[in-house]
Amino acid sequence: MQYSISSRVERKTLAWLAARLPAWVNSDHLTLLGFVAMFGAGASYALARFHAAGLLLAAVFLAVNWFGDSLDGTVARLRNRQRPRYGFYVDHMIDTFGGFFLIGGLAISGIVHWPIALGMLIAYLMLSIEVYLAAYTLGEFRLSFGIFGPTELRILLALGNVVLWMNPAMRVMGSRQLFDVGGVVAIAAMAVMLVVSAAGNTARLYRAETLR
């Protein structure tokens, strides 16, 4: 399920792109492209520790990651080449490694202090576990929470890169770094999503399997 801000436009865009891809490009190619791009984004953040160009390069890789990661499933459905269990497993293992690369790169970059980066990674993995368990027990897979999904997060991250590139000395809330504040907000948001979703799903499962 996905009801994020961009979901309607994104679905139409992905369908348009998928219909125009060369026949030799398949969903596995796109999945691999998304994985390599996320590794590239993490490496670009690590580069940003030494050169601000890494911030812009990371934004480019985030866009490439969106293209590969978002389009692979659309191509498989359009061409009737779906492999549900394979796709589910591979996509989300790649997401796990990709999250590690991305957040690891942010920590190396110095634009996020490592304790905050570690908190982001832990919160992301905990929320992912909840989503995967809900998919197994309820048959519902959520790509977004409220109005935010992966695409919105990529956009916010890329915009933050551009802002920081234009103003490297930028501080918010006094002396706090921009990405540190964003990281704390992200941790808090994921924690709320985790608690609310886990409580709601627990209640649904309890009602569905009440002992009489």
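What radius of gyration would a compact globule of 212 residues have, and what does the chain have? A compact globule would be near 17 Å, and the chain has 18 Å, which agrees. Keep in mind as you look around that this is a predicted model.

**Start with the whole chain**

Show everything as a cartoon. You should find seven helices and two strands. Follow them from the N terminus and the order reads α-α-α-α-α-α-β-β-α. Turn the C-alpha trace along its principal axes, and the spans come to about 60 × 50 × 25 Å. If you colour the chain by burial, 37% of the 212 residues count as buried.

**Next, select α3 (53–78)**

This helix has 26 residues. From its first C-alpha to its last, α3 reaches 37 Å, close to the 38 Å expected at 1.5 Å a residue. Now look along the helix for a bend: a kink of about 35° is centred on Leu71.

As you trace the turns, a general point helps: an α-helix has 3.6 residues a turn, so residues three or four places apart point the same way.

**Step off the end of α3**

Select Asn80, which follows α3 and sits in the loop between α3 and α4. What is the sign of phi at Asn80? The value is positive, near 55°, in a residue other than glycine. For background, most residues other than glycine have a negative phi. Is Asn80 buried or exposed? Asn80 has a relative accessible area of 64%, so it is exposed.

Now add Arg81, in the loop between α3 (53–78) and α4 (84–109). Arg81 counts as exposed because its relative accessible area is 62%, over the 50% cut-off. For a sense of distance, draw a line from the C-alpha of Arg81 to that of Ile122: they are 41 residues apart along the chain and separated by 34 Å.

**Finish at a pocket**

Select Ala48, Leu55, Ile111, Leu164 and Pro168 together. Of the 14 residues that line the second largest pocket, these five lie nearest its centre. Two elements give two or more residues to this lining: α6 (150–166) and α7 (178–208). The second largest pocket holds about 190 Å³ of space.

Which classes of residue make up the lining of the second largest pocket? Colour the lining by class and you will see nine nonpolar, three polar and two charged residues.

Key: Residues are numbered from 1 along each chain as its sequence is written. This is a predicted model: local features need pLDDT of at least 70, side-chain atom pairs count only at pLDDT 80 or more; totals for chains, interfaces and linings use all residues. Side-chain values use heavy atoms; hydrogens and water are left out. Helices (H or I, at least four residues) and strands (E, at least two) are DSSP runs, numbered from the N terminus. Buried means under 20% relative accessible area, exposed over 50%, partly exposed in between (1.4 Å probe, protein chains only). On a 1 Å grid over the protein atoms alone, a cavity is a set of points where a 1.4 Å probe fits but cannot get out, and a pocket is an open set with protein on both sides within 12 Å along at least five of seven lines; lining residues have an atom within 4 Å of a point. Grid points are joined across faces, edges and corners, and a volume is the space filled by probe spheres set on the points. Ala, Val, Leu, Ile, Met, Phe, Trp, Tyr, Cys and Pro count as nonpolar, Asp, Glu, Lys and Arg as charged, and the others, Gly among them, as polar. The expected span of a helix is 1.5 Å times one less than its number of residues. The bend at a residue is the angle between axes fitted to the seven residues ending there and the seven starting there. The radius of gyration is taken over C-alpha atoms; the globule rule is 2.2 Å times the number of residues to the power 0.38.
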